[in-house]
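Here's a quick briefing for anyone opening this one up for the first time. Have a look at the sequence and the model, then read on.

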Amino acid sequence: MENSYECPRKPNKDVSLQELRDRLAEFAEARGWDQYHSPRNLLLALVGEVGELSEIFQWKGEVARGLPNWTSADKEHLEEELSDVLLYLVRLADVCGLDLGQAALTKIVKNSRKYPVNK
Ligand SMILES: [Mg+2]
């Protein structure tokens, strides 16, 4: 049994993109999946997961922040699909050799210049 992939919920633990990247790399390596993880394949998988995420909201109309009327099962499903999207995004950035965390911080700075507070 591989305990390195088990991760019981620890609500206060900050999870870094680096940790996700490394665990995904280990996961793929251990299964011989690196050969399938080309940038294109990962992008298509990411788009598929965005579709699964969209299905959760499809036909629901506007949804209140905090999802007050959702069941815990609905929220768990949402967590799973959000995670699938995040994990493919992190993996895609990794196989492209990009530092996603740094790139995202840089993009926030660029956005703040593009959309200054006083406009
Ligand atoms: Mg999924």
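What follows is a short tour, from the overall layout down to single residues.

Keep in mind that this is a predicted model. The protein has four helices and zero strands, so going from the N terminus you simply read α-α-α-α. Helix 3 gets a good share of the attention below, since helix 1, helix 2 and helix 4 are all among what covers its buried residues.

**The overall picture**

- Of the protein's 119 residues, 6% count as buried.
- Take the contacts with a separation of 6 or more: 79% of them are between residues 24 or more positions apart.

**Helix 3**

- Helix 3 covers residues 72–95. With 24 residues at 1.5 Å each, helix 3 should span 34 Å, and its end C-alpha atoms are indeed 34 Å apart, which agrees.
- Which residues of helix 3 are buried? They are Y88, V90, R91, L92 and D94.
- The cover over those buried residues includes helix 1, helix 2 (39–57) and helix 4 (100–114).
- After helix 3 comes G97, and its phi is positive, near 75 degrees.

**Helix 2 against helix 3**

- Helix 2 has 19 residues and reaches 28 Å from first C-alpha to last, close to the 27 Å you'd expect at 1.5 Å a residue.
- Helix 2 and helix 3 pack at about 160 degrees, with their axes 9 Å apart. Angles over 145 degrees count as roughly antiparallel, and helix 2 and helix 3 are therefore roughly antiparallel to each other.
- The crossing of helix 2 and helix 3 is left-handed.
- On the helix 2 side, the residues that meet helix 3 include P39, L42, L43, L46, V50, L53 and I56. On the helix 3 side, the partners include H77, L78, L82, V85, Y88, L89, L92 and V95.
- Sorted by class, the residues in this contact of helix 2 with helix 3 come out as 15 nonpolar, one polar and five charged.

**Helix 1 against helix 3**

- Helix 1 runs over residues 17–31 and packs against helix 3 at an angle of about 80 degrees, with the axes 9 Å apart.
- Why call this pair roughly perpendicular? Angles of 65 to 115 degrees count as roughly perpendicular, so helix 1 and helix 3 get that label.
- L17, L20, R21, L24 and A25 from helix 1 meet L87, V90, R91 and D94 from helix 3.
- That contact of helix 1 with helix 3 has six nonpolar and three charged residues, and no polar ones.
- V90, R91 and D94 are worth a second look: they meet helix 1, and they are also among the buried residues of helix 3.

**Helix 4**

- Helix 4 has 15 residues and reaches 20 Å between its first and last C-alpha, close to the 21 Å expected at 1.5 Å a residue.
- How many of the 15 residues of helix 4 are buried? The count is zero, so helix 4 is hardly covered.

**Loops and positive phi**

- Most residues other than glycine have a negative phi. A couple of loop residues go the other way.
- W59 is not a glycine, yet its phi is positive at about 70 degrees. W59 comes just after helix 2, in the loop between helix 2 and helix 3.
- Buried or exposed: which is W59? W59 is exposed, because it has 5 other C-beta atoms within 10 Å, and 12 or fewer counts as exposed.
- L67 isn't a glycine either, and its phi is positive at about 50 degrees. L67 also lies in the loop between helix 2 and helix 3.
- With 11 other C-beta atoms within 10 Å, L67 is exposed.

**Two more residues to click on**

- L98 sits in the loop between helix 3 and helix 4. L98 is exposed, with 11 other C-beta atoms within 10 Å.
- Leaving out residues up to four places away in sequence, L98 touches A93 and A103.
- G51 is in helix 2 and is exposed, with 12 other C-beta atoms within 10 Å.
- G51 and E81 are 30 residues apart in sequence, and their C-alpha atoms are 9.3 Å apart in space.

Note on methods: Residues are numbered from 1 along each chain as its sequence is written. This is a predicted model: local features need pLDDT of at least 70, side-chain atom pairs count only at pLDDT 80 or more; totals for chains, interfaces and linings use all residues. Helices (H or I, at least four residues) and strands (E, at least two) are DSSP runs, numbered from the N terminus. A residue is buried if 20 or more other C-beta atoms lie within 10 Å of its own, exposed if 12 or fewer, and partly exposed in between; C-beta atoms are placed from the backbone. Two residues are in contact if their C-beta atoms, placed from the backbone, lie within 7 Å. Axes are lines fitted to C-alpha atoms, for helices over the stretch in contact, and angles run from 0 to 180 degrees between N-to-C directions. Angles under 35 degrees count as roughly parallel, over 145 as roughly antiparallel, 65 to 115 as roughly perpendicular and the rest as oblique. Ala, Val, Leu, Ile, Met, Phe, Trp, Tyr, Cys and Pro count as nonpolar, Asp, Glu, Lys and Arg as charged, and the others, Gly among them, as polar. The expected span of a helix is 1.5 Å times one less than its number of residues. A crossing is left-handed if the near helix is turned anticlockwise from the far one by less than a right angle, and right-handed if clockwise.
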